[in-house]
Amino acid sequence: MVQETVHLLDGNSISERLRTDIGAAVLRLKNTGIVPGLATVLVGDNPASASYIRSKQRACADLGINPVDVTLPADIAQSALLDELAALNERPDVHGVLVQQPLPRHIDVEAVVEAVSPEKDVDGFHPVNLGRMVRGRRCFLPCTPFGVQKILEFAGISVAGRHVVIVGRSLLVGKPLATMLLEKSSTANATVTVCHSGTRELGEITRSADILVAAIGQPGFISADMVCDGAVVVDVGINRVDDSSRKRGYRIVGDVDFAAVSERCSAITPVPGGVGPMTVTMLLYNTVQSARGMRSQDALGDDA
Ligand SMILES: NC(=O)c1ccc[n+]([C@@H]2O[C@H](COP(=O)([O-])OP(=O)(O)OC[C@H]3O[C@@H](n4cnc5c(N)ncnc54)[C@H](OP(=O)(O)O)[C@@H]3O)[C@@H](O)[C@H]2O)c1
């Protein structure tokens with residue numbers, strides 16, 4: 001059965017709505033004398049990383065969050081980097097600390113992740129926050145899975161009691177998303193299956209999904225025959241494919257064959273314009289929540 005009208009889950013417009021609320025929360029905080037601050041730490045001069053940092057800083061500035069730029073040389077010693085993070089942990093004007101990855105090879109990534117105070121870990125990568133999440137306690141939720149959850153919530157798509165299949169088990173996306181959607185709460189309570197490169201009969205499992213999330217890193221991997229009629233499809237993938245018709249020589253595509261899959265699903269996130277914009281928005285959300293002394297799960301209310 002071909003779906004007559006596929007619902008586009010527009011991450012840009014959901015982001016806009018959320019950013020309006022975040023901006024209002026920033027204003028309320030400013031009225032109490034608190035200016036939320038996000039420190040972005042860039043080690044080296046990787047152009048892609050520098051560009052991500054710039055867009056995060058612009059997004060901060062747009063909402064009145066103070067971006068604190070920390071750019072460090074690629075050959076910085078591990079101990080010096082940890083000292084920089086310790087100093088940011090102490091600064092009262094910094095409520096969130098984001099260390100852009102990848103880091104140079106001589107840096108121990110785990111040590112860096114653990115050096116950011118869990119109270120300022122607005123990326124939600126610190127083991128304390130991940131541990132709190134697994135225990136169902138308040139914490140900073142990792143921004144990409146948090147963005148996926150918000151897209152579904154804003155679109156009025158309940159996951160409760162439904163079968164969510166996630167393809168991809170990374171610490172960045174698949175694993176935390178599975179944990180979040182499994183939570184026994186009104187906004188979660190899904191039945192979750194997580195697939196990976198060792199999964200057998202993948203298509204059989206993905207076809208059993210009410211909600212299918214692709215976080216694989218392979219362009220167009222999810223084909224129409226892997227999706228059941230009427231499913232909801234969330235495409236986390238961001239992949240560059242060569243395209244000589246574009247000025248820059250490439251275009252961005254997701255992990256889902258959008259044209260074919262949108263013929264049979266009931267709702268789908270586009271790439272670009274789906275999960276991507278939500279990731280930065282949830283980073284801003286977590287930063288403001290940190291400045292309020294709150295966590296991801298708390299409402300962005302007017303009690304700042
Ligand atoms: N929208 C955003 O803001 C955002 C944020 C983060 C990532 N992304 C994008 O999301 C995608 C995934 O990112 P990631 O960091 O999670 O990637 P990752 O760490 O490389 O993980 C990819 C996952 O996909 C699984 N996989 C790979 N090939 C497979 C196959 N043939 N069949 C089944 N599973 C397979 C891997 O299985 P194994 O574990 O067995 O290797 C792994 O669990 C990328 O395109 C990335 O750019 C987007």
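**View 1. Arg-91 and its salt bridge in the predicted model.** Arg-91 is partly exposed, at a relative accessible area of 33%. The partner of Arg-91 in a salt bridge is Asp-93, with 2.8 Å between the closest N and O atoms. Asp-93 is likewise classed as partly exposed, its relative accessibility being 31%. The model contains seven salt bridges by the rule applied.

**View 2. A salt bridge within helix 6 (residues 143-154).** Glu-153 and Lys-150 are three residues apart in this helix, about one turn. Their side chains form a salt bridge with an N to O distance of 3.6 Å. Lys-150 counts as buried because its relative accessibility, 11%, is under 20%. Glu-153, at 43%, is partly exposed.

**View 3. A salt-bridge network of Asp-243, Arg-246 and Arg-251.** The side chains of Asp-243 and Arg-251 are joined by a salt bridge at 3.0 Å, N to O. Asp-243 is buried, with 11% relative accessible area, whereas Arg-251 is partly exposed at 32%.

**View 4. Residues around the ligand.** The shell holds 23 residues, of which Arg-169, Ser-170, Ser-197, Ile-238 and Thr-279 come nearest. By class, ten are nonpolar, eleven polar and two charged. Helix 10 (residues 275-291) supplies the largest share of the shell, three residues.

**View 5. Polar contacts of the ligand with Ser-170, Ser-197 and Ile-238.** A side-chain N or O atom of Ser-170 lies 2.5 Å from a ligand oxygen atom. For Ser-197, the distance from a side-chain N or O atom to an oxygen atom of the ligand is 2.5 Å. Ile-238 contributes a backbone N or O atom, 3.0 Å from a ligand oxygen atom. The ligand taken alone exposes 920 Å², and the protein buries 71% of that area.

How values were computed:
Residues are numbered from 1 along each chain as its sequence is written. This is a predicted model: local features need pLDDT of at least 70, side-chain atom pairs count only at pLDDT 80 or more; totals for chains, interfaces and linings use all residues. Side-chain values use heavy atoms; hydrogens and water are left out. A residue is near a molecule or strand if one of its heavy atoms lies within 4 Å of it. A polar contact is a pair of N or O atoms within 3.5 Å; within protein, one must be able to donate a hydrogen and the other to accept it, and residues adjacent in sequence count only if both atoms are side-chain atoms. Accessible areas come from the Shrake-Rupley method with a 1.4 Å probe; for residues, only the protein chains shown count as cover. Helices (H or I, at least four residues) and strands (E, at least two) are DSSP runs, numbered from the N terminus. Ala, Val, Leu, Ile, Met, Phe, Trp, Tyr, Cys and Pro count as nonpolar, Asp, Glu, Lys and Arg as charged, and the others, Gly among them, as polar. A salt bridge is a side-chain nitrogen of Lys or Arg within 4 Å of a carboxyl oxygen of Asp or Glu. Buried means under 20% relative accessible area, exposed over 50%, partly exposed in between (1.4 Å probe, protein chains only).
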